[in-house]
Amino acid sequence: METVKIVRIPILPMHMVNAYLLVGPDGCILLDAGLPGSENKVARALAKERRTWKDIKLIVITHAHVDHAGSAAVIRELSQAPIAAHAGDAQHFNRREPMTFCPTGWFGRLFIKTPLMREPYIGFEPDLLLTERGEIPLGPYGIPGTVKHTPGHTSGSISIELPSREALVGDLVASGILLGGIMRKHHAIRPPFEEDPHLVARELTRLLDSGVDKFYMGHGGPLHAREVSRHVQSLMMLPGNPDPAFHSHS
């Protein structure tokens, strides 16, 4: 099996916000672009791997929140790599509509009042736009794996699934205290914002059932399957479950 090195790029300290560089035998893929101004952190990660901007073959943006999409336009300009994203968030990427936020608790309600989440970023049109349940094979970009639609955090959330039983899932799940890895780094939590927790539970269950054993996320992590499965059970118990008979991966 071709090996892929997963390099975590800390956008904020203590893994509160992460981007990732996938280093493969035939090129690199950047998953998420961090807050505006994060291009220097990506450049340093490339340099540590003895790579340059030209080695990035694709930029995958998991969703349109500023801490994931904020530097995408600038990094596309630097690398000349296409951006892949989902049509469900397209009106936010190009800045035609402001992002909406559904807080999951007190921290999300507090966080939404800070300037950070509403910080403007340079709008862009994705070069590769997934629709509905579409997917993009990553082989042509130097990495064995697939980009798939994993809605629930936002309508356009996407993830990368690798044949190594690893997945990079953006904000489908988070870990730690408050945001990321301050404490309890291996404890799964809901991210500060989440549109549909029951849909998230279904997507995480699909990933678990497909054999994914290790989950990399935008805040904290990574997490192993057992802890993600425990989190799925807690999501399914939240009020409003449209299918109470649904049972998660165990």
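## A tour from strand E2 outwards

Five bridges join E2 to E3, and the two strands run antiparallel. This is a predicted model, and the tour starts at that pair of strands.

**Stop 1: E2 and its neighbours.** Select residues 17-24, strand E2. Leucine 22 has isoleucine 29 in E3 as its bridge partner. Between E2 and E3, which form a hairpin, there are two residues. Now add strand E1, residues 5-12. E1 and E2 run antiparallel and are joined by seven bridges; one partnership to display is isoleucine 9 with alanine 19 in E2. E1 and E2 also form a hairpin, with four residues between the strands, and methionine 14 there takes a positive phi near 60°.

Next, show the side chains of E2. Eight of its eight residues are buried. Val17, Ala19, Leu21 and Val23 are on one side, with Asn18, Tyr20, Leu22 and Gly24 on the other, and both faces are covered.

**Stop 2: the whole sheet.** Extend the selection to E1-E2-E3-E4-E5-E6, which is the order of the six strands in an open sheet with mixed pairing. E1 and strand E6 (128-130) are the edge strands, each pairing on one side only. On average, neighbouring strands of this sheet are turned by 20° against each other, direction ignored. For a parallel pair, go to E4 and strand E5 (residues 83-86), which are joined by two bridges. Valine 60 stands opposite alanine 84 in E5.

Two helices can be added here. H1 packs on the sheet and touches E1, E2, E3 and E4, its direction making about 150° with that of E1. H3 also packs on the sheet, touching E3, E4 and E5, and its direction makes about 165° with that of E4.

**Stop 3: helix H1.** Select residues 39-48 and colour by burial: Glu39, Val42, Ala45 and Leu46 are buried. Looking down the axis of H1, these buried residues fall within an arc of 120°, so they line one face of the helix. An α-helix has 3.6 residues a turn, so residues three or four places apart point the same way. Asn40, Arg44, Ala47 and Lys48, on the other side of H1, are exposed.

What covers the buried residues of H1? The cover includes strands E1 (5-12), E2 (17-24), E3 (27-31) and E4 (56-60), together with helix H3 (72-79). Following H1, stop at arginine 50, whose phi is positive, near 55°.

**Stop 4: aromatic pairs.** The model has three aromatic pairs. Return to E2 and show tyrosine 20 with tyrosine 216: this pair is edge-to-face, at 5.9 Å centre to centre and 75° between the planes. Tyrosine 20 lies in strand E2 and tyrosine 216 in strand E13 (residues 214-216), 196 residues apart, so select both strands to see how the pair links distant parts of the chain. Are these two tyrosines buried or exposed? Both tyrosine 20 and tyrosine 216 are buried.

Then move to tyrosine 121 and phenylalanine 124. Their ring centres are 6.5 Å apart and their planes are at 35°, so the pair is tilted. Tyrosine 121 and phenylalanine 124 are buried. Add Phe93, which forms one aromatic cluster with Tyr121 and Phe124.

The last selection is arginine 95. Its charged end sits over the ring of tyrosine 121, 3.9 Å from the ring centre.

Note on methods
Residues are numbered from 1 along each chain as its sequence is written. This is a predicted model: local features need pLDDT of at least 70, side-chain atom pairs count only at pLDDT 80 or more; totals for chains, interfaces and linings use all residues. Side-chain values use heavy atoms; hydrogens and water are left out. Buried means under 20% relative accessible area, exposed over 50%, partly exposed in between (1.4 Å probe, protein chains only). The arc is that of the directions from the helix axis to the C-beta atoms. Contact means heavy atoms within 4.5 Å. Two strands pair if DSSP finds at least two bridges between them. Rings of Phe, Tyr and Trp (its six-membered ring) pair if their centres lie within 6.5 Å; planes under 30 degrees apart count as stacked, over 60 as edge-to-face and the rest as tilted. A charge sits over a ring if NZ of Lys or CZ of Arg is within 6 Å of the ring centre and within 35 degrees of the ring normal. Axes are lines fitted to C-alpha atoms, for helices over the stretch in contact, and angles run from 0 to 180 degrees between N-to-C directions.
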